[in-house]
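Please open the structure in your viewer and keep the sequence beside it, since this tour moves from the whole chain to a few chosen elements.

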Amino acid sequence: MDNRKLGQQGLFASAQGLGCMGMSEFYGQSDEGEAIATIHRALELGVSFLDTADMYGPFVNERLVGRAIAGRRDDVVLATKFGNQRGEDGSFLGINGSPEYVRSACDASLERLGVDTIDLYYQHRVDQNVPIEETVGAMKELVDAGKVRYLGLSEASPETIRRAHAVHPISALQTEYSLWTRDPEDAILPTVRELGIGFVAYSPLGRGFLTGTITGPDSLAPKDRRHDMPRFQGENLQRNLRLLQSVQTLAAKENCTPAQLALAWLLAQRDFIVPLPGSKQRRWLEENVKAVEMALSRETLDALDEAFPPEAVAGTRYPEAQMKRLGI
């Protein structure tokens with residue numbers, strides 16, 4: 001597995017990462033034993049960049065990742081996040097970017113993960129009630145204290161990125177990016193490229209849509225959170241499924257799966273982009289990793305661009321209230 005450079009401060013990550021969120025919450029039932037086996041298999045395959053957050057579970061995903069990497073800390077580039085504050089009962093308490101919370105959240109994450117240092121620490125969502133300079137200032141203190149090595153933001157606007165980067169170098173921006181979420185191409189990608197910031201693409205398979213395994217609402221478990229997302233609802237989903245036909249046709253031509261094709265397309269966009277597909281089973285992880293070895297022709301890349309123009313996808317990424325909280 002090749003590494004890709006994230007930022008200008010010395011952070012390198014495997015060319016494809018592993019998102020661990022679904023191992024604990026949001027996408028139906030999961031099996032902890034299989035989840036830990038998936039993390040171990042990822043490390044065997046060279047996928048060393050692991051991503052979690054305190055809110056996943058809540059809190060249990062960090063503990064799971066911590067158990068999985070126990071005794072193998074040097075093999076891992078470990079990323080976690082703070083900012084989406086939740087209670088022990090799972091309730092959502094809002095977005096918190098206050099300096100006091102930054103410090104307490106980091107200490108709690110270190111304890112749950114069972115590590116002394118977090119490699120990449122993200123602000124999960126920008127708190128619009130706290131100046132970004134104050135939040136990143138507190139994150140800088142964590143770097144100075146040796147608790148964190150590199151800093152990141154998630155779902156931030158170009159202006160916010162610039163202001164944050166002026167306080168302390170930002171090594172990575174994590175934002176949703178895939179064939180069916182191409183919003184970052186307009187302003188976000190040019191901004192991070194100019195500033196020398198790496199880009200971590202979460203949901204690079206469109207929350208499973210680009211795998212071709214979702215054929216309708218019945219494809220999702222009853223408590224799967226995708227039921228609440230406009231892109232997976234009613235006529236929006238039917239329109240989007242029609243778009244997917246082109247990906248399936250091109251995947252057959254390339255002798256690969258739709259998921260592998262979507263990941264290979266993303267890897268070909270920029271050399272500072274690291275896709276972060278989420279997997280909670282070894283079989284999907286092993287399928288996804290093969291995309292790193294693929295080299296798509298210019299003809300195939302152009303065909304994918306034509307099949308998925310930014311304006312073609314029906315529905316927003318999140319419900320309206322969550323879209324407003326993104327602040328981008």
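Begin with the whole chain: a compact globule of 328 residues would have a radius of gyration near 20 Å, and the protein chain has 19 Å, which agrees. Bear in mind throughout that this is a predicted model. Turning the C-alpha trace along its principal axes, you will find that it spans about 50 × 40 × 40 Å, and a cartoon view of the protein chain will show 11 helices and 12 strands.

Next, colour the chain by burial, and 58% of the 328 residues will appear as buried. If you display contacts with a separation of 6 or more, 75% of them in the protein chain are accounted for by residues 24 or more positions apart. With the surface switched on, the accessible area of the protein chain comes to about 13600 Å², of which 46% belongs to carbon and sulfur atoms. Among the charges, there are 36 positive and 45 negative ones, and their mean positions lie 1 Å apart.

Now select residues 172-176, which form strand E10; 5 of its 5 residues are buried, so the strand is largely enclosed by the rest of the structure. Which residues lie on each side of E10? Ala172, Gln174 and Glu176 are on one side, Leu173 and Thr175 are on the other, and all are buried. Add strand E9, residues 148-154, and you will see that E9 and E10 pair in the parallel sense over 3 bridges, with glycine 152 having alanine 172 in E10 as its bridge partner.

From there, move to strand E12, residues 273-276, where Ile273 and Pro275 point one way, Val274 and Leu276 point the other way, and all are buried. Adding strand E11, residues 198-202, brings in a parallel neighbour that is joined to E12 by 4 bridges, and within this pair valine 200 stands opposite valine 274.

Finally, select helix H2, residues 60-69, which is mostly covered, with 7 of its 10 residues buried. Show the side chains of the buried positions in H2, which are Asn61, Glu62, Leu64, Val65, Gly66, Ala68 and Ile69. What do the buried residues of H2 pack against? Display helix H1 (32-44), strand E4 (49-51), strand E5 (77-82) and helix H3 (99-113) together with H2, because these are the elements that its buried residues pack against. Just past the helix, end the tour at glycine 71, which follows H2 and has a positive phi, near 85 degrees.

Definitions and conventions: Residues numbered from 1 in each chain as written. Predicted model: local features only at pLDDT ≥ 70, side-chain atom pairs only at ≥ 80, totals over all residues. Heavy atoms only, no water. Helix = DSSP H or I, 4+ residues; strand = E, 2+ residues; numbered from the N terminus. Rg over C-alpha atoms; globule rule 2.2 N^0.38 Å. Buried < 20%, exposed > 50% of the residue type's maximum accessible area, 1.4 Å probe, protein only. Contact = heavy atoms within 4.5 Å. Areas by Shrake-Rupley, 256 points an atom, 1.4 Å probe, with all protein chains shown as cover. Lys, Arg positive; Asp, Glu negative; His and termini not counted. Charge placed at Lys NZ, Arg CZ, Asp CG, Glu CD. Pairing = 2+ DSSP bridges.
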